[in-house]
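The following exercises concern the structure shown below. Each gives a task, followed by a solution in steps.

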Amino acid sequence: MIAEETLVRELKQKETQAKAFEVLINTYKERLYWHIRRIVLDHDDADDVLQNTFIKVFRNIEKFKGDSKLYSWMYRIGTNEALSFLKNKSRKLGVSSDELIERKADNLQADVYFEGDAIQLKLQQAIARLPEKQKLVFNMKYYEEMKYEEIAEILDTSIGGLKASYHLATKKIEAFLKAD
Amino acid sequence: MKEIPKKNSFKTPPGYFEGLSDRILNKLDEEDKAVMPEQEGFKVPDGYFEKVEKEILDKTLQKEARVIPLRGYRPYLYAAAAIAVLFVLVIGLVRNTDPDLSFDDLAQAEITRYIESRDLELSTYEIAEVLPVTELEIGDFMESGVENQEILDYLEDTIDDLEELNIDTHEEFQ
């Protein structure tokens, strides 16, 4: 795989930009997609947000100073895009973001791009009911298997706080799953 | 009690405490996994990741190639916008000071189209009001000619002061 510094340099140069951007999309499209999909839940919304994320990355690559890793920066953009998307959508529907995501989770059974069984459906409903930060941390730790250091860089928060969030999230999820 | 030396008789396997935290975390993970499924159940349409790459490239690189950056033209844009606003205002003012539009401002073709598109039954008086009399012949209205005597008879029947009419008509057509 191409070194990150090289990729960033090539992304910033007009002559190499096109090729480097293709490499960037190829490298991160699936990981970013799944990260976004876990936040917005349905495929069409994830597709919108993924495309907007890459477009934003492309437009703002000049501003990337290399203070964090490129993928952390992209994950941060993807996370913000997904959360903003949900806020805008919920505003249009006249509900809160939390309500919207709970509704989405409750309707997953009807989604043609969800083939989970009853327990998987219930897990998504449990995650949907978590506070925003716990939800993000849980997904990034449990499904994306990221290290706390990586999550801390993306969410710009302390590792101690993340561990507490993850612990609380798992306890709440377990309680929700055992509820009936 | 005092005779018994205060010594811990228990011992642990070698290296037990070094890996303890990891083992606890692993156990926690295993317990969690026993309750929570590892698979989520989400899926994507066939060939989605190939398609989305092309779509993003179309929206960024392809679009970029066609776009002329406006940054360099920005000062001119402001000037152009100001001129455009002034132009619109001036046009508006000029139009507002114009006299009301008259029938003469309409193109002949528009009048013809209007008349043809509607089933208008215009009287000769209405037509006379519209069309310039100097360019008309009586035959434009009537297929058969009108005898002078008939005109005089008609005028005698309808006009009170025939003399006055003659004077006016005479003056107008001089």
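**Exercise 1. Overall make-up of chain A**

Task: Determine what share of chain A counts as buried, and which elements the chain contains.

Solution. Of the 180 residues of chain A, 33% count as buried. The model is a predicted one. Chain A has 9 helices and 0 strands, and from the N terminus on its elements run α-α-α-α-α-α-α-α-α. As for contacts between residues at least 6 apart in the sequence of chain A, 56% join residues at least 24 apart.

**Exercise 2. The largest nonpolar core**

Task: Identify which residues touch the most other members of the largest nonpolar core, and state where this core lies with respect to the domains of chain A.

Solution. Step one concerns membership: the core holds 48 residues, and those touching the most other members are Ile36(A), Val40(A), Val49(A), Leu50(A), Met74(A), Ala82(A) and Val137(A). Helix H2 (residues 14–40) of chain A gives the most to this core, with 10 residues. Step two concerns location: domain 1 (1–115) and domain 2 (117–180) of chain A both supply residues, so the core lies between them.

Step three takes one member, Ala82(A), as an example. When its neighbours within four places in sequence are left aside, Ala82(A) is in contact with Ile36(A), Ile39(A), Val40(A) and Val49(A).

**Exercise 3. Two helix pairs that share H5(A)**

Task: Classify how H5(A) is oriented relative to H6(A) and how H4(A) is oriented relative to H5(A).

Solution. For the pair of helix H5 (residues 97–106) and helix H6 (residues 118–128) of chain A, the packing angle is about 180 degrees and the axes are 9 Å apart. Angles over 145 degrees count as roughly antiparallel; H5(A) and H6(A) are therefore roughly antiparallel to each other. From H5(A), Ile101(A), Glu102(A), Ala105(A) and Asp106(A) meet Gln124(A), Gln125(A) and Ala128(A) of H6(A). By class, this contact comprises 3 nonpolar, 2 polar and 2 charged residues.

For helix H4 (residues 70–93) of chain A and H5(A), the angle is about 90 degrees, with axes 8 Å apart. H4(A) is thus roughly perpendicular to H5(A), since angles of 65 to 115 degrees fall in that class. Leu86(A), Lys87(A), Lys89(A), Ser90(A) and Leu93(A) of H4(A) meet Ser97(A), Glu99(A), Leu100(A) and Ile101(A) of H5(A). The contact of H4(A) with H5(A) has 4 nonpolar, 2 polar and 3 charged residues.

**Exercise 4. Positive phi values**

Task: Locate Glu145(A) and Asp156(A) in chain A, and decide whether each is buried or exposed.

Solution. Most residues other than glycine have a negative phi. Glu145(A), although not a glycine, has a positive phi of about 50 degrees. Glu145(A) sits in the loop between helix H7 (132–143) and helix H8 (148–155) of chain A. With 8 other C-beta atoms within 10 Å, Glu145(A) is exposed, as 12 or fewer is the criterion.

Asp156(A) has a positive phi near 55 degrees, and its place is in the loop between H8 and helix H9 (159–178) of chain A. Its count is 9 other C-beta atoms within 10 Å, and Asp156(A) is exposed.

**Exercise 5. The contact between the chains**

Task: Describe the side of chain B that touches chain A, by element and by residue class.

Solution. In total, 20 residues of chain B are in contact with 28 residues of chain A. On the chain B side, the elements giving two or more residues are helix H1 (20–35) and helix H2 (48–66) of chain B. H2(B) gives the most, with 9 residues. By class, this side of chain B divides into 11 nonpolar, 3 polar and 6 charged residues.

How values were computed. Residues numbered from 1 in each chain as written. Chains lettered and ligands numbered in written order. Predicted model: local features only at pLDDT ≥ 70, side-chain atom pairs only at ≥ 80, totals over all residues. Contact = placed C-beta atoms within 7 Å. Helix = DSSP H or I, 4+ residues; strand = E, 2+ residues; numbered from the N terminus. Nonpolar A, V, L, I, M, F, W, Y, C, P; charged D, E, K, R; others polar. Core = buried A, V, L, I, M, F, W, Y, C linked by C-beta atoms within 7 Å. Buried ≥ 20, exposed ≤ 12 C-beta atoms within 10 Å, placed from the backbone. Domains from an automatic or database assignment. Axes fitted to C-alpha atoms, helices over the stretch in contact; angles between N-to-C directions. Parallel < 35°, antiparallel > 145°, perpendicular 65-115°, else oblique.
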